[in-house]
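Visitor: I am new to this structure and would like to learn how to read its features one at a time. Could you show it to me and then take me through it slowly?

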Amino acid sequence: MCGVSTDITERKRMESKIGEQKELLDCILNNIDANVYMKDTLRKFRYVNSKAAELLGHEAEEIIGKTDTEVLSQEIADHFWQSDKKVFDSNQNILAQNLCSALQAKNVIIGQSKSPSNWKMATRP
C-alpha cells in the first residue's frame with residue numbers, strides 16, 4: 001500500500017471565507033430594489049438575484065447555468081441579447097429601456113444599465 005497525505009487546512013479556510021463572502025453578497029443583492037443578473041458571452045446566466053429570478057418566473061437556482069433561451073422565449077431572449085451583445089462587443093456601459101409585457105404577464109418597463117465584466121468565467125461553457 002502507498003498513501004499520500006497533504007495539509008489542506010489553508011484550502012479549507014479559504015473555501016470557508018469564500019462561502020461567507022458569497023452569503024454576504026447574496027444578502028446585499030437579494031435585498032436591493034433591483035433586478036441583478038450576470039450573463040456570459042455564451043448567453044448563460046452566471047448569477048441572478050431573487051428579484052430578477054422572480055421577474056423571470058423561476059427560482060435563482062433554476063436559472064443559473066442556463067442560457068437565456070432556456071429561461072425566456074426565443075423572441076424575448078433575442079431582444080435582450082441585442083443590448084447584451086453591444087456591451088460585450090464594445091466593452092462599454094450602455095443604458096437601455098424596454099417595455100416587456102411577456103415577463104410574468106406584466107406590463108413592465110425595464111430600465112437597464114449594462115456593464116462589461118472582466119470576470120474570468122465569462123466565456124467558459
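**Reading the features**

Guide: Let us begin with a charge and a ring: in this predicted model, the charged end of K39 sits over the ring of F45, at 5.4 Å from the ring centre.

Visitor: Which aromatic residue does F45 pair with, and how should I describe the arrangement?

Guide: A pair of aromatic rings is described by two things, the distance of the centres and the angle of the planes. A search of the whole structure finds two aromatic pairs. In one of them Y37 and F45 meet edge-to-face, with 6.0 Å from centre to centre and 65 degrees between the planes. The pair W81 and F88 is tilted, its centres being 5.8 Å apart and its planes 40 degrees apart.

Visitor: Is F45 buried or exposed, and what about the other rings?

Guide: F45 is buried, with a relative accessible area of 4%, whereas Y37 is partly exposed at 28%. In the tilted pair, W81 counts as buried because its relative accessibility is 13%, and buried means under 20%. F88 is partly exposed, with a relative accessible area of 28%.

Visitor: You mentioned K39 at the start; which residue does K39 meet in a salt bridge?

Guide: The general idea is that side chains of opposite charge can pair when their charged atoms come close. Here the side chains of K39 and D84 meet in a salt bridge, with 2.5 Å from N to O. This pair links distant parts of the chain, since K39 lies in strand β1 (residues 37-39) and D84 in helix α5 (residues 74-90), 45 residues apart. Both K39 and D84 are buried, and both belong to a network of salt bridges that also includes R43, D68 and D78.

Visitor: How many salt bridges are there in total, and what does another one look like?

Guide: The count comes to eleven salt bridges. One of them joins D40 and R46, whose closest N and O atoms are 2.8 Å apart, and both D40 and R46 are buried. Another is formed by the side chains of E15 and R11, at 3.4 Å from N to O.

Visitor: Why are E15 and R11 separated by about one helical turn?

Guide: They are separated in this way because they are four residues apart in helix α1, which covers residues 9-29. Both ends of this salt bridge are partly exposed, E15 having a relative accessibility of 39% and R11 one of 48%.

Visitor: How should I read the chain as a whole, and in what pattern do its helices and strands follow one another?

Guide: The chain has five helices and four strands, and read along the sequence they follow the pattern α-β-β-α-α-α-α-β-β. Of the 125 residues in the chain, buried residues make up 30%. The chain exposes about 9,000 Å², and carbon and sulfur atoms supply 53% of that area. Contacts can be read by sequence separation as well: among those between residues at least 6 apart in sequence, 38% join residues at least 24 apart.

Visitor: Which residues make up the largest nonpolar core?

Guide: In soluble globular proteins, nonpolar side chains tend to be buried together. The largest nonpolar core here has twelve residues in all, namely F45, V48, A52, A53, L56, A60, I63, V71, L72, I76, A77 and F80. At least two residues of this core come from each of β2 (45-48), α2 (50-56), α3 (60-63) and α5. F45, the ring beneath the charged end of K39, is therefore also a member of this core, whose residues are by definition buried. A52, another core member, touches N35 and V36 when residues up to four places away in sequence are not counted.

Visitor: Finally, what is there to notice about the phi angle of R43?

Guide: Most residues other than glycine have a negative phi. R43 is not a glycine, yet its phi is positive, at about 75 degrees. R43 is found in the loop between β1 and β2 and counts as buried, with a relative accessibility of 17%. N91 also has a positive phi, near 55 degrees, and is a residue other than glycine. N91 is found in the loop between α5 and β3 (94-100), and at 46% relative accessibility N91 counts as partly exposed.

Note on methods:
Residues are numbered from 1 along each chain as its sequence is written. This is a predicted model: local features need pLDDT of at least 70, side-chain atom pairs count only at pLDDT 80 or more; totals for chains, interfaces and linings use all residues. Side-chain values use heavy atoms; hydrogens and water are left out. Rings of Phe, Tyr and Trp (its six-membered ring) pair if their centres lie within 6.5 Å; planes under 30 degrees apart count as stacked, over 60 as edge-to-face and the rest as tilted. Buried means under 20% relative accessible area, exposed over 50%, partly exposed in between (1.4 Å probe, protein chains only). A charge sits over a ring if NZ of Lys or CZ of Arg is within 6 Å of the ring centre and within 35 degrees of the ring normal. A salt bridge is a side-chain nitrogen of Lys or Arg within 4 Å of a carboxyl oxygen of Asp or Glu. Contact means heavy atoms within 4.5 Å. Accessible areas come from the Shrake-Rupley method with a 1.4 Å probe; for residues, only the protein chains shown count as cover. A nonpolar core is a set of buried Ala, Val, Leu, Ile, Met, Phe, Trp, Tyr and Cys residues joined through side-chain atoms within 4.5 Å.
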